[in-house]
Amino acid sequence: MKPTVTTLLALALAAGAATLQPAAAPAQTPAERHLRNIRQLTFGGENAEAYFSSDGARLIFQSTRDGNPCDQIFTMKIDGSDLKRVSTGTGRTTCGYYYPGGKDILFASTHKASGACPPKPSFERGYVWPIYDGYDIYRANPDGSNLRPLTTTPGYDAEATIAPDGTIAFTSVRDGDMEIYTMRADGTGVKRLTNNPGPDGGPFFSWDGKKIAYRGRPLAAGTEMTDYMALLKEHLWRPTKLELYVMDRDGSHNTKVTSLSAASFAPSWHPDMKRLIFATNVKDPQQRNFDVFLVNLDGSGLEQVTFNATFDGFPMFSPDGKHVVFASNRNAKAEGETNVFIAEWVD
């Protein structure tokens with residue numbers, strides 16, 4: 001799930017971390033051999049989920065900054081300049097993405113349900129994530145004008161990414177469970193792809209648009225399933241271990257990629273389309289620290305990319321494969337500060 005920049009760290013907290021401390025490590029460690037010339041693009045606040053435009057010239061991301069009480073969508077050039085807010089400034093937003101060609105963008109927002117930030121859940125049920133039912137997916141011009149809804153179905157609709165032909169993949173609870181769907185670029189032709197009880201989500205198209213990577217946790221009947229479904233009716237989810245999967249764009253040939261028994265999420269594709277890049281806490285015995293990893297589609301060849309002492313996640317390659325962008329707590333000057341970084345990729 002990707003509801004807010006704050007809750008992207010919830011899996012670490014759910015695994016037992018009392019607090020997440022600011023990064024004390026330098027911006028780059030010698031072990032990060034794939035990353036060269038790491039540059040910090042944002043400074044302060046909570047910034048995450050930065051994704052490239054199809055020409056590789058701009059990034060779209062979510063940020064809590066400039067007095068906004070919760071996440072809004074911004075765009076910027078890949079050097080961090082020309083920063084623009086493109087969402088309404090009301091409600092809460094998440095999961096921005098560029099249409100092919102860069103002439104439109106999309107993002108999820110709760111602003112129609114309420115102009116105020118939706119309330120954070122209490123911890124009476126333990127540590128849970130909000131699955132805000134006010135989220136719908138919107139399409140807009142690159143500057144945020146001409147905003148129009150793509151989804152209007154009651155319940156959570158978010159986590160959208162776009163294939164080269166304009167097909168949109170997204171996560172929805174419209175059928176009573178977290179499942180993955182596709183729709184056309186204009187929001188028509190909705191099709192459900194997954195049918196697994198449990199939290200399927202975070203779909204990401206391969207570069208050729210033929211396959212979708214995602215994270216999930218199939219649940220069997222029992223205590224965990226009962227708890228999951230009861231919370232979902234209250235628009236909540238208790239984060240837990242997640243694995244990565246790949247399927248064809250029509251939902252067929254669904255294959256499990258990882259078996260790490262960890263919280264693995266935010267998969268996207270290496271330029272060779274034979275590997276995924278993603279975030280997981282598998283190497284931390286306390287399951288508090290997330291790093292970026294590579295893995296082959298058959299689950300072999302697991303390779304750690306980042307080695308920072310705090311959160312690194314939401315990686316994406318540039319369309320030309322020369323850069324990778326990711327979110328990190330490294331260099332944080334305050335607890336909870338998350339920033340966007342970009343690096344040259346060395347394969």
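How many bridges join strand 25 to strand 26, and in which sense do the two strands run? Six bridges join them, and the strands run antiparallel. The model discussed here is predicted.

## Strand 25 and its partners

Strand 26 covers residues 339-345. One pair in this ladder is His323 with Glu344, the latter in strand 26. Strand 25 also pairs with strand 24 (residues 312-317), again in the antiparallel sense, over four bridges. Here Gly313 has Ala327 of strand 25 as its bridge partner. Strands 24 and 25 form a hairpin with five residues between them, and in that hairpin Gly321 takes a positive phi near 75 degrees.

Strand 25 spans residues 323-328, and six of its six residues are buried, so the strand is largely enclosed by the rest of the structure. The cut-off for buried is under 20% relative accessible area. In a regular strand the side chains alternate between the two faces of the sheet. In strand 25, His323, Val325 and Ala327 point one way, while Val324, Phe326 and Ser328 point the other way; all are buried.

## Nonpolar cores

The largest nonpolar core has 64 residues. Within this core, Leu106, Ile137, Ile168, Phe265 and Leu276 touch the most other members. Leaving aside residues up to four places away in sequence, the contacts of Leu276 include Ala213, Leu244, Val246, Val257, Phe293, Leu294, Val295 and Leu297. Leu276 also touches Pro267, Ser268 and Trp269. Another core, of twelve residues, lies apart from the largest one, and its members include Leu35, Ile277, Val324 and Phe326. In soluble globular proteins, nonpolar side chains tend to be buried together.

## Cavities

The whole structure holds two cavities of 30 Å³ or more. The second largest has about 30 Å³ of space. Its lining consists of Leu35, Ile277, Val292, Val305, Thr306, Pro315, Val324 and Phe326. By class, this lining has seven nonpolar residues, one polar and no charged. Leu35, Ile277, Val324 and Phe326 therefore appear both in the twelve-residue core and in the lining of this cavity.

## The sheet of strands 2 to 5

A separate topic is the open sheet formed by four strands in the order 2-3-4-5, with antiparallel pairing. Its edge strands are strand 2 (46-52) and strand 5 (84-85), each of which pairs on one side only. Strand 3 (residues 58-64) and strand 4 (residues 72-77) run antiparallel and are joined by six bridges. Ile60 stands opposite Thr75 of strand 4.

Terms used. Residues are numbered from 1 along each chain as its sequence is written. This is a predicted model: local features need pLDDT of at least 70, side-chain atom pairs count only at pLDDT 80 or more; totals for chains, interfaces and linings use all residues. Side-chain values use heavy atoms; hydrogens and water are left out. A nonpolar core is a set of buried Ala, Val, Leu, Ile, Met, Phe, Trp, Tyr and Cys residues joined through side-chain atoms within 4.5 Å. Buried means under 20% relative accessible area, exposed over 50%, partly exposed in between (1.4 Å probe, protein chains only). Contact means heavy atoms within 4.5 Å. Two strands pair if DSSP finds at least two bridges between them. On a 1 Å grid over the protein atoms alone, a cavity is a set of points where a 1.4 Å probe fits but cannot get out, and a pocket is an open set with protein on both sides within 12 Å along at least five of seven lines; lining residues have an atom within 4 Å of a point. Grid points are joined across faces, edges and corners, and a volume is the space filled by probe spheres set on the points. Ala, Val, Leu, Ile, Met, Phe, Trp, Tyr, Cys and Pro count as nonpolar, Asp, Glu, Lys and Arg as charged, and the others, Gly among them, as polar.
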